[in-house]
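Let's walk through this structure together, one neighbourhood at a time. Keep the viewer open as you read.

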Amino acid sequence: MGNGNSREGKESRRSRLRQKLQKFRIHRRHLRTRNATGMVNQKSLTAEDFSGIALLTLIAADMKFKDKWLACVSFGEQTFRTEISDTTEKPIWNSEKKLLLEKNGPSLARVSVFETNRLLKNNIVGYCEVDIYDFVVQEPELACKSFDLLDPTSSKVVGSIFLSCAIEDPVETETRFAKRILSVVDNNEDGQLSFSEFSDLIKAFGNLVAANKKEELFKAADLNGDGVVTIDELAALLAFQQEQEPIINNCPACGEALQFSDKLNAMIHMTLCFDEGTGNQVMTGGFLTDRQASYGWMFKLSEWTHLSTYDVGLNTGSSASYIVVIDRKTKRLVEELIDSKIVLSMRAIYQSKIGLRLMDQGAKEILQRLSEKQGKKMNSVESAQKIPSFLEFFKDQINMAEVKYPLQHFTTFNEFFIRELKPGARPIACMNRSDVAVCGADCRLMAFQSVEDSTRFWIKGRKFSIRGLLGKDVNPNAFLDGSLVIFRLAPQDYHRFHVPVSGVIEKFVDVAGSLYTVNPIAVNSKYCNVFTENKRTVAIISTKEFGKVAFVAIGATMVGSINFVRKEGDYVQKGDELGYFSFGGSTVICVFKKESIRVDEDLLANSSRSLETLVKVGMQLGVSTRTLAQYVFPTELI
């Protein structure tokens with residue numbers, strides 16, 4: 001029986017492995033499709049939203065040392081990469097990509113240049129940010145323009161990159177549409193289609209009905225009867241068939257099924273897919289961030305062996321290896337940096353029943369002692385030696401130009417961790433209007449109009465409730481079914497938190513608890529209840545425009561203390577500093593009374609996708625519903 005059970009066990013393991021491999025193959029096929037089209041979940045656009053198509057070309061760079069180089073372009077929620085150059089100081093790529101422009105969409109493209117001599121990952125050397133519209137408006141006749149590449153840490157110039165850009169407006173896109181379709185099968189490139197070429201095109205459209213009457217369609221298109229179909233004749237046929245019986249079911253370039261009844265979006269899709277025949281290399285797509293696009297082969301091997309996926313939104317298990325957030329200012333996806341060893345340990349503890357049992361059997365006390373020990377260590381003079389390596393690890397996510405004091409001012413790591421910023425570094429939105437709430441921290445933000453939404457899209461602990469969050473010494477009745485805003489601070493963030501509303505601090509209430517991590521790997525776990533079990537302090541702020549607001553500062557692993565710089569009875573204006581966290585990641589949660597605030601739509605939309613939004617102190621959070629009942633104000637980001 002022992003052998004039988006062993007064989008059954010082996011078969012069971014093999015079966016599970018086969019299932020995982022099948023899922024992985026499906027995922028890779030999906031990635032190949034994304035790479036081919038360069039599009040990820042392209043949303044439908046209206047004619048009012050569509051601004052045109054930009055053709056951006058990364059021509060070459062001038063660097064300060066020899067290496068094998070690659071460049072990435074991040075635009076909105078997509079990232080593309082060039083091939084790797086030869087070993088040189090002056091890499092040449094001549095790589096191009098079409099970018100979809102929307103009226104209220106992103107306009108800022110980030111171009112990053114990486115050295116590729118690293119085994120596990122490639123190293124970013126410099127970057128620049130290019131406003132596509134400004135580039136074309138300011139330099140309409142310039143075929144090529146040079147941009148300085150800046151070091152992510154020091155902002156010093158480390159090289160230059162040469163780009164070109166052209167924008168095709170919606171009218172031009174439509175007039176060139178037939179030419180693009182014709183080019184797919186125009187084998188002799190004479191601008192005309194013979195019956196054989198026309199038949200190949202109809203077949204590529206994937207419409208069986210049209211394929212069965214291709215002779216009839218060819219005669220209908222060949223208006224002058226000369227035996228060939230010109231661009232104008234093809235355009236007329238497509239326009240007529242669009243009104244009568246659309247003949248395009250599939251994109252001829254990538255094969256994806258199209259809803260050609262939606263003419264605009266089908267045209268946009270095919271425009272982005274088609275190669276313009278410039279002779280330049282088309283950049284590879286299908287990536288979310290420049291870091292993902294830049295990873296070397298060792299990372300890809302580790303990704304394969306872990307059978308993990310790289311995606312936005314709520315991820316669990318092996319998929320929790322990566323955290324991708326969206327930058328509110330640039331509307332670009334950004335990968336959050338976490339040490340791989342920490343990721344593995346967090347997954348082991350928070351994403352499994354075994355890890356939960358460890359928590360119940362003394363690990364909570366271990367985390368408490370570890371946090372206290374680490375807090376003392378980070379207050380030592382020796383800890384200042386860790387500051388340079390910390391800056392190097394987060395080199396493109398900490399801007400030292402904003403910091404109030406120079407690096408040599410900090411005598412311990414904790415002094416640097418709770419660093420102050422220069423006056424004016426964080427402008428406050430609508431400063432003279434107390435009916436506009438602002439973001440209270442540099443953080444990754446999740447916002448929900450109701451607690452029910454928060455548990456559906458983000459918080460997966462089984463026992464989360466407003467009553468549990470506020471503790472037994474705060475009356476929760478005023479906040480039940482209220483709006484919830486979660487400000488998660490990562491180690492690289494500015495760790496001082498500010499008040500989001502103007503009002504009087506009624507009281508502070510300390511709530512004892514554990515020190516779990518506040519990383520999404522734990523928050524998204526169904527096995528623990530981070531926000532209601534962690535050590536925290538609740539501040540109740542009484543306001544004229546929003547009623548009572550609960551401001552909850554939550555400690556986390558490695559956070560030894562929560563420090564407040566205000567006291568009970570103080571009047572605070574929105575944007576005023578309220579306190580700071582010592583070393584580690586941490587979180588603030590604001591709870592508003594039911595229907596007292598209308599949170600900005602972009603924050604709610606991202607949160608409904610389980611996608612955190614990267615924000616800064618002072619950015620607009622929402623408007624009092626008392627104001628909205630009387631006026632309608634535009635949403636502005638500062």
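What follows is a tour of some strands, a helix, salt bridges and a pocket.

Please keep in mind that this is a predicted model. A good place to begin is strand 14, which covers residues 324-327. Val-324 and Ile-326 point to one side of this strand, Val-325 and Asp-327 point to the other, and all four are buried. Strand 14 has strand 15 (residues 332-335) as an antiparallel partner, with four bridges between them. If you look at the end of strand 14, you will find Asp-327 opposite Arg-332 of strand 15. Four residues lie between the two strands of this hairpin, and Lys-331 adopts a positive phi near 60 degrees there. Strand 14 also pairs with strand 28 (residues 613-615), this time in the parallel sense and over two bridges. Here Ile-326 has Thr-613 as its bridge partner.

Strand 28 takes us on to strand 17, since these two run antiparallel and are joined by three bridges. The bridge partner of Arg-444 in strand 28 is Leu-614. Strand 17 is also joined to strand 18, again antiparallel, by five bridges. In that pairing Met-446 is matched with Ile-486. How well covered is strand 17? Six of its six residues are buried, so the strand is mostly covered. Cys-443, Leu-445 and Ala-447 make up one side, while Arg-444, Met-446 and Phe-448 make up the other, and both faces are covered.

Arg-444 deserves a longer stop. With a relative accessibility of 3%, Arg-444 counts as buried, and its side chain meets that of Glu-336 in a salt bridge, with 2.9 Å from N to O. Arg-444 belongs to strand 17 and Glu-336 to the loop between strand 15 and helix 11, so this pair ties together parts that are 108 residues apart in sequence. Glu-336 is buried as well, at a relative accessible area of 6%. Arg-444 also forms a salt bridge with Asp-493, at 2.7 Å from N to O. Because Asp-493 sits in the loop between strand 18 and strand 19, this second pair ties together parts that are 49 residues apart in sequence. Both Arg-444 and Asp-493 are buried. Through shared partners, salt bridges join Glu-336, Arg-444, Arg-488, Asp-493 and Glu-612 into one network.

How many salt bridges does the structure hold? There are 22. Another one to look at links Arg-110 and Asp-290, whose closest N and O atoms are 3.5 Å apart. Arg-110 lies in strand 6 and Asp-290 in helix 9, so this pair ties together parts that are 180 residues apart in sequence. Both Arg-110 and Asp-290 are buried.

Several of these elements come together again around the second largest pocket, which has a volume of about 1200 Å³. Which residues are closest to the centre of this pocket? Of the 44 that line the pocket, they are Asp-327, Asp-396, Asn-399, Leu-614 and Lys-616. You have already seen Asp-327 on strand 14, and Leu-614 as the bridge partner of Arg-444. Strand 6, strand 7, helix 9, strand 14, strand 15, strand 17 and strand 28 each supply at least two residues of the lining. Strand 15 gives the most, with four residues. Sorted by class, the lining of the second largest pocket has 19 nonpolar, seven polar and 18 charged residues.

Two further sites round off the tour. Helix 8 (residues 263-273) has nine of its 11 residues buried, so it is largely enclosed by the rest of the structure. Among the buried residues of helix 8 are Asn-265, Met-267, His-269 and Cys-273.

The other site is Phe-564, found in strand 23. Is Phe-564 buried or partly exposed? Its relative accessibility is 23%, so Phe-564 counts as partly exposed; the cut-off for buried is under 20%. Leaving aside residues up to four places away in sequence, Phe-564 touches Phe-497, Phe-508, Thr-537, Ala-553, Leu-578 and Gly-579. Phe-564 and Arg-496 are 68 residues apart in sequence, and their C-alpha atoms are 9.6 Å apart in space.

Technical notes. Residues are numbered from 1 along each chain as its sequence is written. This is a predicted model: local features need pLDDT of at least 70, side-chain atom pairs count only at pLDDT 80 or more; totals for chains, interfaces and linings use all residues. Side-chain values use heavy atoms; hydrogens and water are left out. Buried means under 20% relative accessible area, exposed over 50%, partly exposed in between (1.4 Å probe, protein chains only). Two strands pair if DSSP finds at least two bridges between them. Contact means heavy atoms within 4.5 Å. A salt bridge is a side-chain nitrogen of Lys or Arg within 4 Å of a carboxyl oxygen of Asp or Glu. On a 1 Å grid over the protein atoms alone, a cavity is a set of points where a 1.4 Å probe fits but cannot get out, and a pocket is an open set with protein on both sides within 12 Å along at least five of seven lines; lining residues have an atom within 4 Å of a point. Grid points are joined across faces, edges and corners, and a volume is the space filled by probe spheres set on the points. Ala, Val, Leu, Ile, Met, Phe, Trp, Tyr, Cys and Pro count as nonpolar, Asp, Glu, Lys and Arg as charged, and the others, Gly among them, as polar.
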